[in-house]
Amino acid sequence: MKRAQMSTPASSDSMQPQFLHANKRQKIDTGAEEPIPQDDEGWTKVEKRKVKKQKKTENKLGAAVPKFMYAKGEILKRRDAVGINDIRELVLHLSADAPPPSWVRVENPRSITKVVALLIPGLTPEILSLPPLPTSATANPNVPIAVPLPPAEPHEDASPGVPFISCTFTYACPTRAPGDQTRMHSVLNAFFQGPVTGEEKKRRLTERLTSERAQEKSPMRYLLTAEQMIENGYPMPSYMSETFEKPPGWVETSVPVVDDTLLSPSTAETPRIFAMDCEMCMTDEGKQLARVCLIDYASGIVVYDQLVKPGKPVVDYLTRWSGITAEALDKATATFEDVQAHIHSVLSTTPTPVLLGHSLESDLNALKICHPRCIDTAIIFHHPRGRPLKPGLAWLTKKWCGREIQNRGEGGHDPEEDARACLDLLKKKVENGPGFGEFRVDMESIFERISRARGGTVKSAVVDHGNPAAWHGQKATTCVPCKTDEDVLEGLVDAASTHDFLFGRFTALADARGWITAKATGDTALDPLAAPPPSNTSVNPSPAELRPVLATLDAQLRKLYAALPPRTALILFTGHSDPRRMAELNARKAAFENALRMGRNVEELGVECRWTTADARELEEEVEKAKRGLLFLGVKGA
């Protein structure tokens, strides 16, 4: 296939190309001139104005072929490689109202009919037979790399590659994932969440000030809406929504009237507010309630604090998290049913009380109770990196109340301490207004930005593993949950004809390379004196083992590409490189720091458990390696 030609700068001082064509040039088939239609008597037919205008538009679009060209000069000026946020802004430029990016030039962007963004972790330069990134001080590692065409007769030991990528794209642009010196942050969050525009920020500020003037300082204004409760996985009462089906053993609080005043009570109604926190232990049948604490908001008095006798044998008291010990739980006499009935009776009084907590849906699930009036400090306070991330209670308390909690080491959490922290945070919020606990840089979903553009006509779809509707796809027009890459392919093909922006993620390659591991949970306590689990960084599949995975990926990309209409912009990015060594070093560092916090002496730790300056330097190097990714840009021709 003929390689794309590169335009040269006007100045003769440099022989380097100014713009690099991102994808192979497409041949434009103009076709032969159509004969002028005539009637039976030889008179020329005059076409209707609407038809002529339509043909004129089609001809104009055919001539204005969209294409990407990397601006090498601008990339050389950058301190870092193109970021995930830059890819997001490129998508917004093509699908919404964002200004054109400086690092890539988009010719005839309005001729682009659709935008498809694919995240494919696991694709690395060696798989695509790309040259390694330059390491010399005189070479810039951020400049796009030429993608070689696939060899006619590949060597047996060579990587089979992905021929679709080699035949479709001319250049691979290096990218850099977000993060700091010791950690890599979420690629998905960086892509789907961005700062609001100046106009939107001004609108929100005006709306906030108007709202603050109109309402008095009342905690009731922070009640979660039904939509917020559903989005955050709350067990919903049947009289509010049919999204939650109560299993056996569940109860819902009784309310006198179900109307708008349930979530927007009048100023005359002053229901009681209870801050609540629950702690759990692990039994043969999973986690069970071990302790619950209720504190009255107005007085600050503990109105209920009860240990719960487990119905099944306890296999782990989770003391480091719950603070529950065998000695304490042996004295418990109240059963789960007793505690549930008591809480249910407290919440079923009139006027309907309000429950306050941090990630309160977890406590309600532990108690198996559905309640309509809830205030959640994990929602009304913001994470510094914006939605959909949620801040931790200990961090919030230190940041906004100036005190530390949950610092008892092996003693675990105290539910009274956590409930009181929620109480104090809400009082701070009420006193200082809705803007308290938020950050100056307001963030929003990419789909919120798209929904405001072009009169709200742009339709978006997220096709991803798991349940994207509960995470990064909350604001998209359509969310398609998937279990396999084949499901992702089918979802993208089905949505391509009815949506203007589509996002899909293929994970089979990263999984085959051992990059995807189960997340650690708090169910299993870590021994600070034990060596960290062995790393699988040395386990790398051979080219022969990767060949079927890459062949499947290649076939899926070809099928998707064939299903896309002409002038569809295809944005393919890998996000990051191998994160395993970085994750292993961070686990060692966390275990070492945890051991010191618990009062361990360095001499007590084995050599393999210690953290040295050499380890810190290696971690920084591995983080930089893990942040490296690749970007491919192209437009499907007619």
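**Note on the predicted model: helices, cavity, pocket and backbone**

1. The cover over the buried residues of α18 includes strand β5 (114–119), helices α4 (163–168), α16 (485–496) and α17 (508–512), and strands β21 (568–573) and β22 (628–635). Here buried means under 20% relative accessible area, exposed over 50% and partly exposed in between (1.4 Å probe, protein chains only), and contact means heavy atoms within 4.5 Å. The buried set of α18 consists of Leu-546, Leu-550, Leu-553, Asp-554, Gln-556, Leu-557, Leu-560 and Tyr-561.

2. The model is predicted, with local features requiring pLDDT of at least 70 and side-chain atom pairs pLDDT 80 or more, while totals for chains, interfaces and linings use all residues. Residues are numbered from 1 along each chain as its sequence is written, and side-chain values use heavy atoms, leaving out hydrogens and water.

3. As to overall make-up, the protein chain contains 20 helices and 22 strands; these are DSSP runs numbered from the N terminus (helices H or I, at least four residues; strands E, at least two). Of the 638 residues in the protein chain, 44% are buried. Where contacts in the protein chain link residues at least 6 apart in sequence, 72% of them join residues at least 24 apart.

4. Helix α18 covers residues 543–563, 21 residues in total, and its first and last C-alpha atoms are 29 Å apart, close to the 30 Å expected at 1.5 Å a residue. The expected span is 1.5 Å times one less than the number of residues. Ala-563, at the end of this range, has its C-alpha 9.1 Å from that of Asp-494, although 69 residues separate the two in sequence. Asp-494 belongs to helix α16, one of the elements that cover the buried residues of α18. Asp-494 itself counts as exposed because its relative accessibility is 59%.

5. Helix α19 (580–597) also agrees with expectation: its 18 residues should span 26 Å, and the end C-alpha atoms are 26 Å apart. Its buried residues are Arg-580, Met-582, Glu-584, Leu-585, Asn-586, Arg-588, Phe-592, Asn-594 and Ala-595. These buried residues pack against helices α8 and α20.

6. Two cavities of 30 Å³ or more are present, and the largest has a volume of about 40 Å³. On a 1 Å grid over the protein atoms alone, a cavity is a set of points where a 1.4 Å probe fits but cannot get out, a pocket is an open set with protein on both sides within 12 Å along at least five of seven lines, and lining residues have an atom within 4 Å of a point. Points are joined across faces, edges and corners, and a volume is the space filled by probe spheres set on them.

7. The lining of the largest cavity is formed by Arg-88, Glu-89, Leu-92, Phe-192, Gln-193, Gly-194, Pro-195, Glu-444, Ser-445, Ile-446 and Arg-449. At least two lining residues come from each of α3 (84–95), β8 (193–195), β17 (443–445) and α15 (446–452). Gln-193, one of the lining residues, is found in strand β8 and is buried because its relative accessible area is 9%. Leaving aside residues up to four places away in sequence, Gln-193 touches Arg-88, Arg-387, Pro-388, Met-443, Glu-444 and Ser-445. Of these partners, Arg-88, Glu-444 and Ser-445 also belong to the cavity lining.

8. The second largest pocket has a volume of about 490 Å³. Its lining comprises 24 residues, with Thr-124, Pro-125, Glu-126, Ser-577 and Asp-578 lying nearest the centre. Two or more lining residues are supplied by each of α19, α20 (613–626) and β22. Strand β22 gives the largest share, three residues. The pocket thus involves β22, which is also part of the cover over the buried residues of α18.

9. Three backbone features deserve a check. Most residues other than glycine have a negative phi, and most peptide bonds are trans. Thr-350 and Pro-351 are joined by a cis peptide bond, with omega about -5°; Pro-351 sits in the loop between α10 (336–347) and β14 (354–357). Leu-318 has a positive phi, near 50°, and lies in the loop between β13 (314–316) and α8 (319–322). Leu-318 is buried because its relative accessibility is 6%. Arg-454 likewise has a positive phi, near 50°, in the loop between α15 and β18 (460–465). At 41% relative accessibility, Arg-454 is partly exposed.
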